[in-house]
Amino acid sequence: MKELKDLVRPNIWALEPYSCARDEFKGMDAHVFLDANESPYNDPINRYPDPLQEQVKKKLAQIKQVRPSQIFLGNGSDEAIDLVYRIFCEPGKDNVVAIAPTYGMYKVCADINNVAYKSVLLDENYQLQAQKVLDATDANTKVIWLCSPNNPTGNELNKKEMQRILLEFPGIVVIDEAYSDFSGQQPFRHFMDRFPNMIVLNTFSKAWGCASIRLGMAFASEEIIGLFNKVKYPYNVNKLTQDKALQMMDDWMKVDQWVRQIKREREHMMPALSELPICKKIHPSEANFVLVEVTDANAVYKYLIQNGIVVRNRNKVQLCGNCLRITIGTQLENNELLSALRQFK
């Protein structure tokens, strides 16, 4: 890995961050707050939230087996994705490399930040070839994006190939583990001390069943997390979100039960879908969804919509012709989907 200073945009490295009012008396007792022009009424939501979400990070660190100083919390994982570009990529000069197909926001954020985005196709089994990814990089490549389990394919990327990229690429490697709770592999966040150039993403939206609170996570070295905190907006995670996250983490065993149930339903759904006349192929999945190749994705998608069932049509995505991405729902929802598909003509 290059020196972190050499990877960060010079203006970001020199940036003097905004100082929140609450930062100035940290560690001191206070009970009268007349510093931030807040209303004295409507307690407790009249006060600005903790800008660094320290209570949430302390509890989350125990669950995720990392240090609180290795955690960034954002307004969904998309905030962390955007911050990677803003911290490391000089607009109009630097570029990033990603696999294809994969999560679409990596490219959207690249386009927003005027950063060139280069795609490397996975093989016919949706697998990663490290050499092809490394060959696509050049002197101005700052970031490589990897998603595992991958979206929309659902499969785990080859761990050895990922490790090779981490070891040989001198820039930042982002591994999006949004769906890792549904996988049997050990998360990469457990190896942060080994790979100082790695950023691992996760979210409360999937396994935790909290998509509406918009809370994303990034795990990285203390130095990289310090840069995230330097560039983020002062109060980027609101109090209602922080309170709900703390409440959910008090009941993490229920979340574990949800994950086990979704995995059981996934194992039931895959053979059931494969028996349908319209099904051509079920791709292996370690996520909370399955990618299904059908005879005519557009027709099946339209039919399901007419029957009040929404899936994701991935027909236009590279290597995903005639594929539908189907989220694993409750047993009742899954059975309704199967019943509808059995009547498709």
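This report describes the fold, the nonpolar cores and four single residues of a predicted model.

**The chain as a whole**

The chain holds 12 helices and 11 strands. Its radius of gyration is 22 Å, close to the 20 Å that the globule rule gives for 345 residues, so the chain is as compact as a globular protein of that length. Taken along the principal axes, the box filled by the C-alpha atoms is roughly 70 × 50 × 30 Å.

Of the 345 residues, 51% are buried. The chain exposes about 16900 Å², and carbon and sulfur atoms supply 50% of that area. Among contacts between residues at least 6 apart in sequence, 70% join residues at least 24 apart. As for charge, the chain has 42 positive and 42 negative charges, and the mean positions of these two sets are 4 Å apart.

**The nonpolar cores**

The largest nonpolar core has 45 residues. The members that touch the most other members are Leu73, Leu128, Val133, Leu146, Ile165, Met198 and Phe204. Helix α9, residues 239-249, gives the largest share of this core, with 4 residues. A second, separate core has 34 residues, including Leu4, Leu83, Val84 and Tyr117.

Val133, one of the members of the largest core named above, can be followed further. Apart from neighbours within four places in sequence, Val133 is in contact with Val97, Ile99, Val120, Leu128, Ile144 and Ile165. Leu128 and Ile165 are also among the residues listed as touching the most other core members.

**Four buried residues**

The table gives the place and the relative accessible area of four residues.

| Residue | Place | Relative accessible area |
|---|---|---|
| Asn46 | loop between α2 (10-13) and α3 (54-64) | 13% |
| Val231 | helix α8 (residues 222-231) | 10% |
| Leu324 | strand β11 (residues 323-327) | 2% |
| Asn334 | helix α12 (residues 331-342) | 2% |

Why does Asn46 count as buried? Its relative accessible area is 13%, and buried means under 20%. Asn46 sits in a loop. Leaving aside neighbours within four places in sequence, the contacts of Asn46 are Glu38, Ser39, Pro40 and Tyr41.

Val231 belongs to helix α8 and is buried, at 10%. Which residues does Val231 touch, not counting those up to four places away in sequence? They are Ile12, Leu15, Leu83, Arg86 and Ile87. Ile87 is 144 residues from Val231 along the chain, and the C-alpha atoms of the two are separated by 7.4 Å. Another of these contacts, Leu83, is a member of the second core.

Leu324 lies in strand β11 and has a relative accessible area of 2%. Beyond residues up to four places away in sequence, Leu324 touches Val290, Leu291, Val292, Val294, Ala297, Val300, Tyr301, Val311, Arg312 and Asn313. How far from Leu324 is Asn313, in sequence and in space? The two are 11 residues apart in sequence and 4.8 Å apart in space, C-alpha to C-alpha.

Asn334 is part of helix α12 and is buried, with a relative accessible area of 2%. Not counting residues up to four places away in sequence, Asn334 touches Glu265, Met269, Thr327, Ile328 and Gly329. Of these, Thr327 falls at the end of strand β11, which covers residues 323-327.

Conventions: Residues are numbered from 1 along each chain as its sequence is written. This is a predicted model: local features need pLDDT of at least 70, side-chain atom pairs count only at pLDDT 80 or more; totals for chains, interfaces and linings use all residues. Side-chain values use heavy atoms; hydrogens and water are left out. The radius of gyration is taken over C-alpha atoms; the globule rule is 2.2 Å times the number of residues to the power 0.38. Buried means under 20% relative accessible area, exposed over 50%, partly exposed in between (1.4 Å probe, protein chains only). Contact means heavy atoms within 4.5 Å. Accessible areas come from the Shrake-Rupley method with a 1.4 Å probe; for residues, only the protein chains shown count as cover. Lys and Arg count as positive and Asp and Glu as negative; His and the chain ends are not counted. The place of a charge is taken as NZ of Lys, CZ of Arg, CG of Asp or CD of Glu. A nonpolar core is a set of buried Ala, Val, Leu, Ile, Met, Phe, Trp, Tyr and Cys residues joined through side-chain atoms within 4.5 Å.
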